[in-house]
Amino acid sequence: MRFLVPTSGFIPSAAVASREIVTHSSDETIERGREIGTSLEPPVLILLSGELGVGKTTLTKGIVSGLGAAREEDVTSPTFTLVHKYQGRARVYHVDLYRISGFHDLETLGLEDLFSEDAVVIVEWPDRLTLRTDWPILRIGLEHVSEDARRIRLETVASG
Ligand SMILES: Nc1ncnc2c1ncn2[C@@H]1O[C@H](COP(=O)(O)OP(=O)(O)OP(=O)(O)O)[C@@H](O)[C@H]1O
Ligand SMILES: [Mg+2]
């Protein structure tokens, strides 16, 4: 069954698991991301939320590296290009919608191919996008705790 993914706010009743970690440096966030990436089985959609500069791209460096798709230093923010693509044991798309204004869907962004085959799709600023997918979703929310500490909440949502 396909369903509309609420990319902000509403949490579907299909939510199956959540956990929370606190990191104390960007290196620790990358390491946690690597652990997440190692454990991922495509297809999966990762929605990364949190304010400017909280560490979404930093966590993505670890996730992409854990998937064996690129070295962490080669993962940079796709702010201007909208999407970066990496290929390892999984195909990985890293999307940053920060510069997008208003609401869009994949077609108006030219991103309709993202879900055409199994991949890991990582989206920063996902509240700017409305999309339909039957892929499993991992929601990750980051918050500042102090200058170098971040709270990272992970919530797995089973697909319909
Ligand atoms: N514990 C931490 N985890 C992650 N980043 C940290 C941490 N402590 C400090 N930082 C710093 O915070 C910044 C995070 O930047 P990053 O680009 O990852 O944020 P972002 O959420 O992707 O921002 P944007 O919304 O602009 O895309 C980096 O400069 C990083 O070094
Ligand atoms: Mg970023």
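User: What makes the contacts in this protein long-range in sequence, and where does that number come from?

Analyst: In this predicted model, if one takes the contacts between residues at least 6 apart in sequence, 70% of them join residues at least 24 apart. The chain that makes these contacts has three helices and nine strands, which from the N terminus run β-β-α-β-α-β-β-α-β-β-β-β.

User: What makes Ile 46 a residue of the nonpolar core, and which residues does Ile 46 touch?

Analyst: The largest nonpolar core has 33 residues, and Ile 46 is listed with Val 92, Val 121, Ile 122, Val 123 and Ile 140 as having the most contacts inside it. Elements giving two or more residues to this core are β3 (44–49), α2 (56–66), β5 (91–96), β6 (120–124), β8 (137–144) and β9 (150–157). Leaving aside residues up to four places away in sequence, Ile 46 touches Val 120, Val 121, Ile 122, Val 123, Leu 138 and Ile 140. In soluble globular proteins, nonpolar side chains tend to be buried together.

User: How do you know that α1 has the span expected of a helix?

Analyst: Helix α1 covers residues 26–39, and at 1.5 Å a residue its 14 residues should span 20 Å; the C-alpha atoms at its ends are 20 Å apart, so the two values agree.

User: Why are the buried residues of α1 said to line one face?

Analyst: The buried residues of α1 are Thr 29, Ile 30, Arg 32, Gly 33, Ile 36 and Gly 37. Viewed down the helix axis, the buried residues of α1 fall within an arc of 165 degrees, and therefore they line one face of the helix. On the other side of α1, Asp 27, Glu 35 and Ser 39 are exposed.

User: Why is α2 called largely enclosed?

Analyst: Ten of the eleven residues of α2 are buried, and so α2 is largely enclosed by the rest of the structure. Those buried residues, among them Lys 56, Leu 59, Ile 63 and Val 64, pack against α1, β3, β4 (83–87), β5, β6 and β8. Just after α2, Gly 68 takes a positive phi of about 70 degrees.

User: Why is Trp 125 called buried, and why is Leu 82 called partly exposed?

Analyst: Trp 125 has 21 other C-beta atoms within 10 Å, and because a residue counts as buried at 20 or more, Trp 125 is buried. Leu 82 has 17 other C-beta atoms within 10 Å, and since 12 or fewer would make a residue exposed and 20 or more would make it buried, Leu 82 is partly exposed. Leu 82 lies in the loop between α2 and β4 and has a positive phi near 75 degrees. Trp 125, in the loop between β6 and β7 (131–133), has a positive phi near 60 degrees.

User: What makes the bond between Pro 42 and Pro 43 a cis peptide bond, and where is Pro 43?

Analyst: The peptide bond joining Pro 42 and Pro 43 is cis, with omega at about 5 degrees, and Pro 43 is found in the loop between α1 and β3.

User: Which residues come nearest to ligand 1, and what classes make up the shell around it?

Analyst: Of the 21 residues around ligand 1, Thr 29, Gly 55, Lys 56, Thr 57 and Thr 58 come nearest. The elements that contribute two or more residues to this shell are α1 and α2. By class, the shell has four nonpolar, eleven polar and six charged residues.

Key
Residues are numbered from 1 along each chain as its sequence is written. Chains are lettered from A and ligands numbered from 1 in the order in which they are written. This is a predicted model: local features need pLDDT of at least 70, side-chain atom pairs count only at pLDDT 80 or more; totals for chains, interfaces and linings use all residues. A nonpolar core is a set of buried Ala, Val, Leu, Ile, Met, Phe, Trp, Tyr and Cys residues joined through C-beta atoms within 7 Å. Helices (H or I, at least four residues) and strands (E, at least two) are DSSP runs, numbered from the N terminus. Two residues are in contact if their C-beta atoms, placed from the backbone, lie within 7 Å. The expected span of a helix is 1.5 Å times one less than its number of residues. The arc is that of the directions from the helix axis to the C-beta atoms. A residue is near a molecule or strand if its C-beta atom, placed from the backbone, lies within 6 Å of it. Ala, Val, Leu, Ile, Met, Phe, Trp, Tyr, Cys and Pro count as nonpolar, Asp, Glu, Lys and Arg as charged, and the others, Gly among them, as polar.
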